[in-house]
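Student: Please take one strand of this model and go through it closely. I want its setting, its faces and its partners.

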Amino acid sequence: MARILPKHKFSILALFLFILLVEGESHKFSRSLSPKSYGLKKEKLSHFQFYLHDIVSGNHPTAIQVAEAPMTNTSSSRFGATTVIDDQLTVGPEPTSKIVGRAQGIYAFADLDEFALMMAFNYVFIEGKYNGSTLSVLGRNPFLSKVREMPIVGGSGRFRFARGYVLATTHSLNLSNGDAVVKHDVYVLHY
């Protein structure tokens, strides 16, 4: 019996280690992947320029306020006002210019002291080889500044794994009704 027990202990230990190895492999939280296996080629830098039309007035607005804080109307910075957008992106600043996509998402007045927006939106492209692809923007926009920079935090379609930034410059602002046309220069690294 003394000879059987050590073999038995060894067999149980071997079985336990085998189970740990098998279980560890089948329940991994993460693993390394080859970029080539996902069709990722050489990364490139692209520049896009278009105009965003934020229309808050008239019969067909593209930006609609959906919420406000109790203090929004007495705040010097409109703090708490939240707007949903589906703004046209065009090649030129004219509203009749060719549409290349839309900016869809939200912006909220998020600064107690100055006019600054927290923006979270997607550029949804409808033109050319980028049709159906998106870029996601998430950042602060102090819209009274001459040029504002916001980060690109990702994308879909042709912009999977995208990163970059947007430079926004107000082209025109109608102070009587709040409509604005904003030039967007987009610099994006993508595959």
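Tutor: Here is a close look at strand β5, starting from the whole chain. The model is predicted, so local features need pLDDT of at least 70, side-chain atom pairs count only at pLDDT 80 or more, and totals for chains, interfaces and linings use all residues. Residues are numbered from 1 along each chain as its sequence is written, and side-chain values use heavy atoms, with hydrogens and water left out.

The chain holds 1 helix and 9 strands (DSSP runs, H or I of at least four residues for helices, E of at least two for strands, numbered from the N terminus). The helix comes before the strands: α-β-β-β-β-β-β-β-β-β. Of the 191 residues, 31% are buried (under 20% relative accessible area; exposed is over 50%, partly exposed in between; 1.4 Å probe, protein chains only).

Strand β5 spans residues 117–125. Its side chains alternate. L117, M119, F121, Y123 and F125 point to one face and are buried. M118, A120, N122 and V124 point to the other face and are not buried.

β5 has an antiparallel partner in β4, residues 99–109, with 9 bridges joining them (strands pair if DSSP finds at least two bridges between them). There, G101 stands opposite F125. β5 also runs antiparallel to β6, residues 134–141, through 8 bridges. In that pairing, M118 stands opposite R140.

M118 itself is partly exposed, at a relative accessible area of 30%.
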